[in-house]
Amino acid sequence: MGLKTSDLSFEDRVKRSIDDKFMQAAVRKSQDDQWVKRESSREQLGNWEQWRELGEQIRKETIAYLPDYLEQFADNVEKNGGHVFFAQTEQEAQDYVKKITLEKQAKKIVKSKSMVTTEVGLDEMLLELEGVSVMETDLAEFILQMDDWDEPSHIVFPNIHKNREQIRKVFEEKLGYDGDNEPVHMARFAREVLREFFLEADIGITGCNFAIADSGVINLVTNEGNADLCISIPKTQIVLMGMERIVPSMKEAEVVDNLLSRSAVGQSLTSYITFAGQKNEMESDGPEEFHVVILDNGRSNALGTEFESMLQCIRCGACLNVCPVYRQIGGHGYGSIYPGPMGAVLSPILGGYEDFGDLPYASSLCGACTDTCPVKIPLHELLVAHRTKMTDELKMPKGMDHQTMKLIGRATSSPILFKMAMKMDHGATGLMAKKDEVTVENFYNHGGYINKAPAMAKGWTDVRDLPRPPKSKDAFREWYKRHKKEQEEAGK
């Protein structure tokens with residue numbers, strides 16, 4: 001699939017998402033449910049803000065000394081008998097995995113949920129190899145694969161945009177399922193299909209929540225146990241990890257696992273917290289051959305810049321679950337495998353402004369994402385930084401929007417022009433306004449609502465009521481002058 005998931009324009013993607021009423025309802029329910037679970041699990045700690053500060057310190061320390069920790073991790077993996085490959089680009093990552101697959105003459109490959117493997121388009125590459133079949137083993141990703149590789153809409157809940165009946169139909173059409181749409185029954189059916197594939201797999205591919213630098217093992221945080229099967233059954237394991245997904249030791253891993261579990265799914269700990277690596281002589285299962293691919297793919301673009309703090313991200317998805325924009329357009333509206341506030345910051349870093357320059361503007365800048373982030377990434381400030389970079393440094397905004405903003409800037413910075421606008425705004429907006437009958441909702445808005453504003457304001461008035469400015473004599477400034485004068489006269 002790669003980083004970019006759609007060739008449609010941002011406006012077209014948003015329109016399609018807004019028209020998808022089921023998706024919107026599903027996202028709203030998920031956000032509301034996750035709020036309760038997340039806040040409850042955080043309160044159990046009693047000192048959540050201190051945990052956040054500790055998480056921020058750990059991630060900042062790691063990023064500050066990233067080359068040293070990566071070297072330490074790679075040395076320890078190799079000391080344990082494994083192999084490490086540093087991939088600068090997605091093509092290099094693909095080529096390495098392809099080489100291992102061909103060397104092992106692999107026919108069946110099982111994968112656990114991994115954003116990095118999706119980012120580098122690993123599934124598409126493997127499926128092009130003759131005689132090779134690939135199975136996504138995370139239940140949600142398995143459903144998306146069966147539905148002709150539908151794109152995920154959330155980094156933690158990939159198929160949030162589907163209901164149980166839609167899933168039942170997918171299983172019926174693609175797998176011959178003849179049961180009802182009860183989640184338990186469908187999950188059992190999927191387990192039967194997947195278990196057979198696990199037992200025959202030649203290679204297991206996983207992501208990596210965190211790599212432990214001082215021991216050379218990887219840390220996986222999962223709910224279903226499928227990643228453990230991807231590790232323990234196939235003789236060869238390949239791990240793909242973003243280069244920033246590393247912590248110094250097991251002590252720090254314990255902290256970030258705690259932050260991740262409570263922020264991602266509202267649990268004290270998820271069902272499976274796994275530490276794995278090359279099989280040793282004392283173990284009865286595990287990979288006989290262990291490969292780790294450490295991916296850059298644009299991440300180094302953030303090092304030493306105002307965007308470096310984005311590399312602290314632990315992929316919990318908490319920022320998506322509080323974002324009002326994500327609530328309206330869901331994951332598909334972003335056109336990236338990384339949606340929501342974290343994706344709006346990360347995608348332009350990895351893929352550039354040409355493909356993802358719209359995303360920093362897909363935000364109200366309310367700051368809810370920053371407030372909930374367990375490692376204190378200033379997400380809304382980074383969105384502003386992207387806008388500043390595009391506007392001031394790269395001079396990207398052009399055309400009518402750019403000229404409109406310049407005109408507004410001049411008008412609002414000139415007291416004379418601003419006062420003139422305040423006197424004329426009621427009359428000037430008359431042609432664009434609709435007059436509603438006076439009700440409780442619009443009791444104070446006798447001027448009506450602007451519902452067909454031109455240019456940039458059109459995007460607002462298409463989906464929201466914009467009150468028409470009051471007449472000049474009814475505006476606050478004029479009222480204040482009269483009120484003050486009346487008070488002075490009364491005092492005399």
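A residue is called exposed here when its relative accessible area is over 50%, buried when that value is under 20%, and partly exposed in between. With these words in hand, a short tour of this predicted model can begin.

Lys481 is a good place to start: with a relative accessibility of 55%, K481 counts as exposed. This lysine pairs with E478 in a salt bridge whose closest N and O atoms are 3.9 Å apart, which falls inside the cut-off of 4 Å. Both residues sit in helix α21, which covers residues 476-491, and because they are three residues apart, about one helical turn separates them. The partner, E478, has a relative accessible area of 23% and is therefore partly exposed. Elsewhere, salt bridges with shared partners tie E119, E244, R299 and R315 together into one network.

Such pairs recur in the model, where the count of salt bridges comes to 25. One of them joins K99 to E103, with 3.6 Å between the closest N and O atoms. These two residues belong to helix α5 (residues 90-103) and lie four residues apart, about one turn of the helix. K99 has a relative accessibility of 39%, so this lysine counts as partly exposed.

A further salt bridge brings together the side chains of D150 and K162, at 3.0 Å from N to O. This pair links distant parts of the chain: D150 and K162 are 12 residues apart, and each is placed in the loop between α8 (139-146) and α9 (164-175). K162 has a relative accessibility of 14% and so counts as buried.

E252 offers a charged residue without such a partner. This glutamate, found in helix α12 (residues 250-264), is buried yet has no salt bridge. The nearest side chain of opposite charge belongs to K251, 4.5 Å away, whereas a salt bridge requires the atoms to be within 4 Å. The side chain of E252 does make a polar contact, at 2.3 Å, with the side chain of S249. Leaving aside residues up to four places away in sequence, E252 touches I58 and V247.

Finally, the strands deserve a look. Three of them form an open sheet in the order β11-β12-β13, paired in antiparallel fashion. The edges are held by β11 (433-434) and β13 (466-467), each of which has a single partner strand, so one side of each has no neighbour in the sheet. Strand β12 (residues 449-450) runs antiparallel to β13 and is joined to it by two bridges. Within this pairing, Y449 stands opposite P467 of β13.

Definitions and conventions: Residues numbered from 1 in each chain as written. Predicted model: local features only at pLDDT ≥ 70, side-chain atom pairs only at ≥ 80, totals over all residues. Heavy atoms only, no water. Buried < 20%, exposed > 50% of the residue type's maximum accessible area, 1.4 Å probe, protein only. Lys, Arg positive; Asp, Glu negative; His and termini not counted. Polar contact = N/O pair within 3.5 Å; in protein donor to acceptor, adjacent residues only side chain to side chain. Contact = heavy atoms within 4.5 Å. Pairing = 2+ DSSP bridges.
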